[in-house]
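Student: I've got a new structure to look through and I'm not sure where to start. Could we go over it together?

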Amino acid sequence: MLKTANIIFILWVTVLITTPLYAENYIVRAAIMVAMFSSLALSWNIIGGYAGYPSLATAAFVGLGSYVGAVSQVNGVTMLFSWVLATISVGVVSSLLGVLLLRLRGHYFAIGSIVLVELFRLIASSWSSVTGGGNGLNIPILRWDPSTVASFFLSVMILLMILTYMMNIFVSNNRLGFGLKCIKQNEDAANMVGINTTLYKVIAFMLSATLCGTVGAVYASWSGYIDPTESFQIVLTLKVAVMAMLGGAGTILGPVIGASTFVVLEEIVWVNFLDWNRAILGILIVMIIFFLPNGIIKLGILRIFKEKLNQKFKDNIK
Amino acid sequence: MEIFQIIVNGLALGALYACLAVGFSLVWGVLNVINMLHGTFVVFGGYLAYFCWSYLGLNPFLVIIPIGIILYLIGYFLQYYLNNRVIGAPVLTTLTLTFGLDMIVYNIMTVYFSATPRRIRLDLGSFEFAGVFMPADRLLGMVLAVILTAMLYYVMRFSNIGRAIVAVRMDRTAAELMGIRIKNIYSITFGIGALMAGLAGVIMVLIFPTTTSVAGAYLGKAFIVCVVGGLGSVPGAFIGGLALGLVESLAAQFIGPQNAPILGFLLLLFLLLVKPTGLIGVKGYE
Amino acid sequence: MTSTVLELHSLARSFGGIKAVQDVSFTLRKGEIVGLIGPNGSGKTTLVNCITGVHKPTAGKVVFYGEDVTKQKPHQAAQRGLCRTFQIVQPFPEMTVRENVAAGALFAQKINSLSKALDKADEYVNFVGIHEMADIPAASLTLANRKKLELAKSLAMDPKVLMLDEVNAGLNSGEIIGALNLIKKISQKGISIIIIEHLMKVIMTLSERIIVLHNGELIAEGLPTEIINNPQVIKAYLGEKFAKRLMEEKND
């Protein structure tokens, strides 16, 4: 049986993946961004949405993935293998950091995770023999024609988006997801009913980080150049959390809705208000906090949609 | 360089860090809010002083009071009309809200002040004593930072407002039952936090070139000082600041200035794991 | 002679310089109900915390079915069947009653499928008599029902030993009678129960044995009638008049 959320997701993926067929490059680029941020927001959802831990380390893992991917490609590793390397390294690093950081709660966890972004950035800029320091790194780009390159990266990002979506479905239907929800609501009680809370949280943190690493590496290959300030941005870390909240954190479809909405709004703001884009996004964030604290998905618009869809199905069956 | 010189540099830097972070610590400790605006407030205060100096020819020491008042009012009203609406919300909500506000203020600054590094050069010369060299503006900045921090301590310790703030920090419900108007206290505290940030910015612009892009770095310093010194306590922030200044000064000497900030963040992570309540000071609400 | 389930050997726990529990030894047999009494701050809850792995004992041993479990973590205690309810109830507020109970079955009993755990949960929700509220969020239950939920959750964990920390506090007399019957029913399943309680009526009705803590030390252990006649217990906890009244009630 297909759930409404899955149907919407499949429709949306179809829309995104077919953009090269009918839309101009600019739209294809936006579709890549939508897929990329959906993957990040869906990843964040595991630790931030299900487990309720305010992780702000997203940009640290995206950046780490970019650097592992870029450095290995610069040193002769093939592109695909560099992505695999990035994924594995981020998985390992995040598990180790998770063991350390997840002893913290609330504000201290938030600070500990956000500091990783700064820390990684500083390391990337000062370890210049490997990372090129503040000058950044040039990555060999694909020598195909531009529209093929765009379609290729669109497909890869959409693949990641589907993977993270499936990861969310798997987690939420599994005892892991149930345990994380328990942890979110009452961590001590969760521990008392037999949940190994430390293990669960570390797994959640690792799952949240790993595919961010892949996204980072793919992004680096796509853009052809990375540097510390672009790769490790506090803005990115918060944007991903805001996207998940905007759509509805802790739900499967919420992060996709949030990321898509935010990216579209951001593109509009960029085009129309070049000087003031940051302030307008700031206002947007403030408004989300005040007026949409539970996300779009809880607004009821979807419920109406869902009912209509169910009605259609019933009609079809008849 | 002589070890004595390194220590003096470290203490001078540390006093600045203390002054820079004490407002952040107060806001975190009392409101339980991680104020992402703090770094931007510092830069804003610095810019105001710079423009008063370069366009109006006003001595930065003269404009300290008006700048303090401006920052206090900005902080007070932001808290009163916006942040107070999410009191007691999870950290992600409050942190994201202050970050959204930060994006707005930051953008206003980049548009009106541009991103060029600014610095007030007073050309006061320098001192040398027992082989230790110290530029006069740096010494002046350090003294000013210590005075400001001491004044905040005095206000917190001996004024009615200060006692009310401490009471709210210790037990919000009890303070409310004693007739303290929590929302007002929160706004005053946030105002004081902004004021201290702005004045720290005035000192910073006397010593270091200031641009909007250093706001993040200043915020990072506030994080470290706060975790080292503990939340909401002025002496804690002071000692945290001195500790960070010394560590950075020593690190700059032995592992290179570009690596020194890394050590600060490692110190923060280490302390979070060993003693999340800070070396000194009281626990937050958690 | 029934088998021994839980043994404490000279258990001690201090916080800084304060000795919350010192040199406590006792054994619990299968299916037995033991009352644990003592004034506030005498270390009752700390003792339970030591048994369930919340606190690490500073000295002594906890032995469960012959296995030394002193160093266990709370989730390990739960999976072994050392379960407890809290003085202040600890539900998962936004989950339904059924889901709350299912959490116990899913994690402590290591049932793999969520739907099986939910079926199991229904069984215990019925057992404690809150099946009518099975689908409402735990946060909207009354205190009495929250306590029942707490019991159902613990039962879903398939406990060998159940520690009930003031499970009757805050209930009215009608609700207490209900709770008493429920505890008896649980005991008939062969689960050993340690019941912490200030209501002596409850303790006297239920307990086969009583142990008394005072300043962290075990000052008396014995049958209910022995305990209320023990001069040390009267001095430390019950008081002369109350002990006399309890005796009279017992004789009636």
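Here is a short chat about helix packing and chain contacts in this predicted model.

Student: Are α4(A) and α11(A) parallel, antiparallel, perpendicular or oblique to each other?

Tutor: Start with the axes of helix α4 (residues 58-74) and helix α11 (residues 197-223) of chain A, which come within 6 Å and cross at roughly 45°. An angle under 35 degrees would be roughly parallel, and 65 to 115 roughly perpendicular. The crossing fits neither range, so α4(A) and α11(A) are oblique.

Student: Okay, and how many charged residues does the contact of α4(A) with α11(A) have?

Tutor: Look at who takes part: α4(A) brings residues including F61(A), G65(A) and G69(A), while α11(A) brings A209(A), G213(A) and G216(A), among others. Sorted by class, there are seven nonpolar and eight polar residues, and the number of charged ones is zero: no charged residues.

Student: Now the chains. Which three residues of chain B supply 18% of the area it buries against chain A?

Tutor: This contact takes 41 residues from each of chain B and chain A. Together the two chains bury about 3700 Å², with 82% of it on carbon and sulfur atoms. On the chain B side, the trio that supplies more than any other three residues is L92(B), M103(B) and L273(B).

Student: What about chain A and chain C: how many salt bridges are there between them?

Tutor: Here 16 residues of chain A touch 26 residues of chain C, and about 1900 Å² is buried. R175(A), F178(A) and M192(A) lose the most area on the chain A side, together 40% of what it buries. As for salt bridges between chain A and chain C, the count is zero.

Definitions and conventions:
Residues are numbered from 1 along each chain as its sequence is written. Chains are lettered from A and ligands numbered from 1 in the order in which they are written. This is a predicted model: local features need pLDDT of at least 70, side-chain atom pairs count only at pLDDT 80 or more; totals for chains, interfaces and linings use all residues. Side-chain values use heavy atoms; hydrogens and water are left out. Axes are lines fitted to C-alpha atoms, for helices over the stretch in contact, and angles run from 0 to 180 degrees between N-to-C directions. Helices (H or I, at least four residues) and strands (E, at least two) are DSSP runs, numbered from the N terminus. Angles under 35 degrees count as roughly parallel, over 145 as roughly antiparallel, 65 to 115 as roughly perpendicular and the rest as oblique. Contact means heavy atoms within 4.5 Å. Ala, Val, Leu, Ile, Met, Phe, Trp, Tyr, Cys and Pro count as nonpolar, Asp, Glu, Lys and Arg as charged, and the others, Gly among them, as polar. Buried area is the accessible area (1.4 Å probe) that two parts lose on being put together, summed over both. A salt bridge is a side-chain nitrogen of Lys or Arg within 4 Å of a carboxyl oxygen of Asp or Glu.
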